[in-house]
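Colleague: Please take one part of this structure and go through it closely, then place it against the rest. I would like the buried and exposed positions and the contacts spelled out.

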Amino acid sequence: MTATTIDQMQLIVEEVYRTESRRVLATLIRLLGDFDLAEDAMQDAFAAALRQWSAEGVPDNPRAWLVSTGRFKAIDNLRRRARFDKSLPVLAEQLDEAADEFDEVLDEEGIGDDRLRLIFTCCHPALAPEARIALTLREMCGLTTEEIARAFLTKPATLAQRIVRAKSKIRDAGIPYQVPGPEELPERLETVLHVIYLVFNEGYSASSGESLTRADLSSEAIRLNRLLLQMLPETEVMGLLALMLLHESRRVARTTPGGDLVLLEDQDRSLWDRELIAEGQALVGQALSRGPVGPYTVQAAISAVHASAPSAAETSWQEIVALYDLLMVATPTPIIELNRAVAVAMLEGPEAGLAIIEAILARGDLTEYHLAHSARADMYRRLGKADEARAAYTRALALTQLEPERRFLEGRLQELAV
Amino acid sequence: MKYLLLIYGDEQVWDAAGRAACYEESAELARELHEQGKLLGTNALMPVATATSVVAGGGKRVITDGPFAETREQLGGYFLVDAKDLDEAIEIAKKIPGGRLGTVEIRPVYEVEGLPV
């Protein structure tokens with residue numbers, strides 16, 4: 001090999017870090033049985049790579065080299081620290097003895113499994129929901145604590161604390177590093193998908209100020225879901241990916257350059273990303289034909305109907321209402337009922353939609369949810385009942401803090417005042 | 001790992017027949033766990049009305065009637081188990097009959113050195 005300068009090697013190692021660091025970490029966590037030990041070991045391995053590869057060239061299998069080096073670094077580390085802690089030599093010996101089993105873990109399939117183990121551990125239901133999100137972004141996506149804190153508008157110290165606590169609980173409570181068995185899988189997968197969807201929504205629902213970092217969250221969620229789908233091609237994994245891709249296809253169209261909200265019916269559909277739509281629709285088709293479908297797939301199917309309609313008026317509302325009926329069977333929540341009401345209003349007229357919304361509110365559900373009141377206001381507006389519409393928009397306005405939504409509602413109120 | 005599975009529930013929701021059936025099923029679960037080598041101990045507790053607390057205060061131990069905390073759900077019994085990991089402990093917790101109408105809290109045991117076996 002020709003001499004490589006340290007600068008060139010820096011670039012090579014950075015590239016390997018970008019593509020391999022999460023896999024290396026996932027395997028090291030399994031081999032070392034400890035998140036922090038594994039993270040230190042991985043950093044040490046990459047530091048060693050920079051020095052050693054410059055002299056000896058890049059190994060044939062950089063990932064295997066990094067895992068093996070990281071593991072030896074960890075054992076060294078434990079031995080050095082053993083002078084201060086009596087329990088550590090035992091651990092170092094155990095790790096050393098495990099070296100024989102080591103070669104078999106480096107095959108491609110085994111490492112894929114490690115990342116799957118990692119995501120199930122990070123999203124374990126015994127961890128607090130905020131901790132699952134933070135840990136997943138930190139360990140699976142490799143985001144720094146500062147990046148995660150910025151995206152979630154939290155103090156880095158708070159977020160770091162959350163991650164430390166979660167790691168302690170994983171260790172002290174004995175949360176396993178494994179893919180759940182077939183019996184537990186559906187329930188546990190739901191938790192993982194929920195974390196991914198929350199990350200996506202965090203990046204999708206806000207649209208000003210922090211928009212840059214937040215859009216990154218959506219793409220992290222999509223990337224994570226793609227990875228999960230490779231390892232675990234379950235119907236709902238396809239469904240969620242389809243749902244996010246179809247939402248993502250409308251990102252540019254759903255706000256004005258000034259950051260104002262544009263409702264689906266008013267969006268310039270030529271701005272929709274056709275490539276994302278095609279991929280999303282193909283996944284919906286695949287999920288529906290595989291079955292049995294869950295709530296993410298049905299929501300993706302609804303989104304797919306919208307995506308193929310040339311305009312709001314030319315949308316197959318019948319199909320959409322039918323899909324909402326299906327969704328109401330699977331997950332009968334007031335929010336789904338509200339969305340169904342909006343679709344019913346498009347199919348049968350505003351009175352029919354209004355009746356459903358009034359029934360939800362009369363039951364005491366969604367009374368503090370701004371979108372329930374703005375949907376209700378919209379029905380009144382379309383019925384020409386300006387006073388009722390105004391009252392409902394005002395109520396919605398009082399219930400939301402999101403700046404783009406406030407501007408939208410204020411705009412509607414002004415239109416009614418004319 | 002050792003886990004203590006604490007069974008909490010509202011004592012009022014159990015009638016005599018339900019309670020008797022619960023004890024019978026619990027004994028069966030205990031036998032099953034024992035055969036698998038996972039049971040370290042289990043007991044049902046007398047109602048919270050029988051509880052006495054010894055509370056430290058003002059440099060002495062004061063004796064009071066009643067449990068440590070007045071809550072809607074009371075500690076009614078426990079299983080001490082040896083499980084591979086938290087997932088196995090959760091599996092066992094889900095099977096505990098006394099948890100059907102309440103909560104089973106899973107606490108990993110901290111191993112203190114020098115305890116008699």
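**A threonine in helix α6, and what lies beyond**

Modeller: T136(A) is a residue of helix α6 of chain A, which covers residues 129–140. Bear in mind that this is a predicted model. T136(A) has a relative accessibility of 1%, and because anything under 20% counts as buried, it is a buried residue. The side chain of T136(A) reaches the backbone oxygen of R132(A) at 2.6 Å. Once neighbours within four places in sequence are set aside, T136(A) is in contact with C122(A), C123(A), C141(A), V195(A) and L224(A).

A position in another helix of chain A gives a contrast. A282(A) sits in helix α12, residues 274–290. Its relative accessible area is 47%, so A282(A) is partly exposed. The C-alpha atom of A282(A) is separated by 50 Å from that of D76(A), a residue 206 places away along the chain.

Now the nonpolar side chains. The largest nonpolar core has 139 residues. The residues with the most contacts inside this core are L66(A), I119(A), L137(A), I196(A), L228(A) and F79(B). Taking F79(B) from that list, and leaving out neighbours within four places in sequence, its contacts include Y3(B), L4(B), L5(B) and I7(B). F79(B) is also in contact with S26(B), L29(B), A30(B) and L33(B), and with L39(B), G41(B), T42(B) and I96(B).

That brings in chain B. Chain B has two helices and six strands, and from the N terminus on its elements run β-α-β-β-β-β-α-β. Its C-alpha trace spans about 45 × 45 × 20 Å along the principal axes. Of its 117 residues, 28% count as buried. Among contacts in chain B between residues at least 6 apart in sequence, 77% join residues at least 24 apart.

Four strands of chain B form an open sheet in the order β2-β5-β1-β6, with antiparallel pairing. β2 (39–44) and β6 are the edge strands, each pairing on one side only. On average, neighbouring strands of this sheet are turned by 20° against each other, direction ignored.

The pairing can be followed residue by residue. β1(B) pairs with strand β5 of chain B (residues 74–82) in the antiparallel sense over eight bridges. Within that pairing, L6(B) has Y78(B) of β5(B) as its bridge partner, and G9(B) stands opposite Q74(B). β1(B) is also joined to β6(B) by seven bridges, and these two strands run antiparallel. There, the bridge partner of I7(B) in β6(B) is V104(B). In a regular strand, side chains alternate between the two faces of the sheet.

The charged side chains come last. Side chains of opposite charge can pair when their charged atoms come close. Over all chains, a search of the whole structure finds 32 salt bridges. One of them involves strand β1 of chain B: K2(B) forms a salt bridge with E111(B), the closest N and O atoms being 3.5 Å apart. K2(B) lies in β1 (residues 2–9) and E111(B) in the segment after β6 (102–108), so this pair ties together parts of chain B that are 109 residues apart in sequence. K2(B) has a relative accessible area of 33%, and is therefore partly exposed.

In chain A, the side chains of R412(A) and D378(A) meet in a salt bridge at 3.2 Å, N to O. This pair links distant parts of the chain, with R412(A) in helix α19 (residues 403–417) and D378(A) in helix α17 (residues 370–382), 34 residues apart. Both R412(A) and D378(A) are buried.

A second pair in chain A is a local one. R390(A) and D387(A) meet through their side chains in a salt bridge at 3.1 Å, N to O. Because they are three residues apart in helix α18 (residues 386–399) of chain A, R390(A) and D387(A) are separated by about one helical turn. R390(A) counts as partly exposed, at 31% relative accessibility. D387(A) has a relative accessible area of 56%, and because the limit for exposed is over 50%, it is exposed.

Chain A also holds a network: D36(A), E39(A), R138(A), E139(A) and K167(A) are linked in a network of salt bridges. As for the starting point, T136(A) in helix α6 is buried at 1% relative accessibility.

Note on methods:
Residues numbered from 1 in each chain as written. Chains lettered and ligands numbered in written order. Predicted model: local features only at pLDDT ≥ 70, side-chain atom pairs only at ≥ 80, totals over all residues. Heavy atoms only, no water. Salt bridge = Lys/Arg side-chain N within 4 Å of Asp/Glu carboxyl O. Buried < 20%, exposed > 50% of the residue type's maximum accessible area, 1.4 Å probe, protein only. Pairing = 2+ DSSP bridges. Axes fitted to C-alpha atoms, helices over the stretch in contact; angles between N-to-C directions. Core = buried A, V, L, I, M, F, W, Y, C linked by side-chain atoms within 4.5 Å. Contact = heavy atoms within 4.5 Å. Polar contact = N/O pair within 3.5 Å; in protein donor to acceptor, adjacent residues only side chain to side chain.
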